[in-house]
Amino acid sequence: MAYMVEMLNDQTFEIEEEQTILEASLAAGIQHYHVCGGKARCSTCRVIVHEGAHHLTEQNRAERRLRKRKTFPDNVRLACQTKVTGGKVKLQRIIKDSTDLNLYVYGNSVDARQGIGEERELALMFVDIRNFTPFIEQHLPFDVIHLIRRLNVLFNEVVEAGNGKIVEFLGDGFYAVFGLDEEKSKAIHNAVATGHKILSELKWLNQSYINKYFEVDIEVGVGLHFGKVILGEKGIGETQILTAMGFPVNVAARLETATKELNNNFIISEDVYNLLDGKIESAEQKQIKLKGISEPLCVRLIGEKYVFDYAKIV
Ligand code: FES
C-alpha cells in the first residue's frame, strides 16, 4: 500500500509501506543528505514532522541510540529509520547543503529545539537606562564602561533569580524573556516581580555606590508584554545566541519607550495585566499608539514616577 508524503519546499511523493522515508525521498529525486548511508549514525537525514506524526513508525533501537547522543526535539525524526503507516504526512528536510550540515550536525547548538526554531509564548521584557548619553559625555571611558558592567551584573542576577534569560544586552539596556522553562502564569508572575526587583535594587545601588562615586541617580524604564514569538539560535560556529523574534517583541520595546512619555518607570500591557493572578489596585490604565497600528494599545502603569521628568526631553 502507498501513502503520500509532502516534503515542504521540495515535492510531494508516494511512499510504499516497506520503504523508509529516506528511500522514498531519494527515489523521488530529492537530494536528501544521508552521509552514513542510512545506518542511523550521521543524523544528516533528519526531518521535521509538521503533520501526521501518528502515521509514522515508532523509533527503533538505532534511532533511539542516536537521538540520545544528539538530543533531538520530539518533532524531529531520522528519515532513514522511519516508515509511513497511513494518511498524509508533512515533513521538512533540515539539511539542504554543506552550510546547513555545519549548522546542525557539526555545529554547537546547545538546545536542539532552538536550533530548528519554534513558536513559544513568552513574557518579553525591555529595560533601558534613562538619559545615559549625558553621563557618557561627562565621564571618563573607564567610568562609563565600569558603570555599565556593574549595572549589567545587577540586571543579570535579578533576571536569573526570576527564572528569566537576558537575550541581548543593548547599548544601555537589555532585552529578556521569561517562560522558557515554566508555564505561562508563573512566567508572568516572575517577570512582573523581576521588574519591581530591578527597580528596588537599582535604588539601593544608587544610594550605596552610584551616588557616592558618580554623583548621579541612574534610572531605568521597564516594559513588559506577553505573546507568541519565534525562538531560536542565530549564532555562528562556537557562539550560539538565543533570539526571540516577532511582533510582540516590538510591542514590549514600545512599552519601555512609553515609560518616558507616561512618566512611569514600569509599564505592562493589558495582556500581561489580565494574566496576572491578583490584580494590582493602583495600576492606572492608559492607551498608547504603536507605529503602523491604527488601534491604540491598552497598558497599565505599575511603577513609580521618575525622579527626573524625561517627558520634557522626549
Ligand atoms: S542517513 Fe545517517 S542517520 Fe540517517
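Select Asn 9, which lies in the loop between strand S1 and strand S2 (12-16). The model on your screen is a predicted one, and this residue is a convenient place to begin reading it. The phi of Asn 9 is positive, about 70°, although Asn 9 is not a glycine. Most residues other than glycine have a negative phi. Asn 9 is also exposed, with a relative accessible area of 63%.

**The whole protein**

Now zoom out until the full chain is in view. The secondary structure of the protein comes to 9 helices and 13 strands, and its C-alpha atoms fill a box of roughly 75 × 45 × 30 Å along the principal axes. How does the radius of gyration of the protein stand against that of a compact globule of 314 residues? Such a globule would have a value near 20 Å, but the protein has 25 Å. Of the 314 residues, 48% count as buried, and if you switch on the surface, about 16,500 Å² is exposed, with carbon and sulfur atoms supplying 49% of it. Among the contacts with a separation of 6 or more, 67% are accounted for by residues 24 or more positions apart.

**Strand S1 and Glu 6**

Return to strand S1, which covers residues 2-7, and select Glu 6 within it. Show the side chains here, and you can find a polar contact of 3.3 Å between the side chain of Glu 6 and the side chain of Lys 88. Leaving aside neighbours within four places in sequence, Glu 6 is in contact with Gln 11, Thr 12, Lys 88, Val 89, Lys 90 and Leu 91. If you then add Ser 25 to the selection, you can check that Glu 6 and Ser 25 are 19 residues apart in sequence and 9.9 Å apart in space, C-alpha to C-alpha.

**Strand S4 and Arg 77**

Next select Arg 77, whose place is in strand S4 (residues 76-78). Is Arg 77 buried or exposed? At 8% relative accessibility, Arg 77 counts as buried, because the cut-off for that word is a value under 20%. Beyond residues up to four places away in sequence, Arg 77 touches a list of residues that includes Cys 45, Arg 46, Val 47, Leu 56, Glu 58, Glu 63 and Arg 67. Val 47 is a useful one to pick out, since the C-alpha atoms of Arg 77 and Val 47 are 5.5 Å apart in space, while the two residues are 30 apart in sequence. The side chain of Arg 77 reaches the backbone oxygen of Thr 57 at 3.0 Å, and a polar contact of 3.4 Å joins the side chains of Arg 77 and Thr 82.

**Helix H6**

Select residues 141-161, which form helix H6. At 1.5 Å a residue, the 21 residues of H6 should span 30 Å, and the end C-alpha atoms are 30 Å apart, which agrees. Colour the buried residues of this helix: Asp 143, Val 144, Leu 147, Ile 148, Leu 151, Asn 152, Leu 154, Phe 155, Val 158 and Val 159. They cover an arc of only 165° around the axis, so they are on the same side of H6. On the other side, Pro 141, Phe 142, Ile 145, Arg 149, Glu 157, Glu 160 and Ala 161 are exposed. Which elements do the buried residues of H6 pack against? They pack against strand S6 (118-129), helix H5 (133-138), strand S7 (164-170), strand S8 (173-178), helix H7 (184-214) and strand S9 (220-233). Just after H6, select Asn 163, which takes a positive phi of about 65°.

**The loop from H7 to S9**

Follow the chain onward to Glu 215, whose place is in the loop between H7 and S9. Glu 215 is a residue other than glycine with a positive phi, near 55°, and Glu 215 is exposed, with a relative accessible area of 70%.

**Helix H8**

For the last stop, select residues 247-261, helix H8, which has 15 residues. From its first C-alpha to its last, H8 reaches 22 Å, close to the 21 Å expected at 1.5 Å a residue. Its buried residues are Pro 248, Val 249, Val 251, Ala 252, Arg 254, Leu 255, Glu 256, Ala 258 and Thr 259. H8 is followed by Asn 263, whose phi is positive, near 45°.

Terms used. Residues numbered from 1 in each chain as written. Predicted model: local features only at pLDDT ≥ 70, side-chain atom pairs only at ≥ 80, totals over all residues. Heavy atoms only, no water. Helix = DSSP H or I, 4+ residues; strand = E, 2+ residues; numbered from the N terminus. Buried < 20%, exposed > 50% of the residue type's maximum accessible area, 1.4 Å probe, protein only. Contact = heavy atoms within 4.5 Å. Polar contact = N/O pair within 3.5 Å; in protein donor to acceptor, adjacent residues only side chain to side chain. Expected span 1.5 Å × (residues − 1). Arc of directions from axis to C-beta. Rg over C-alpha atoms; globule rule 2.2 N^0.38 Å. Areas by Shrake-Rupley, 256 points an atom, 1.4 Å probe, with all protein chains shown as cover.
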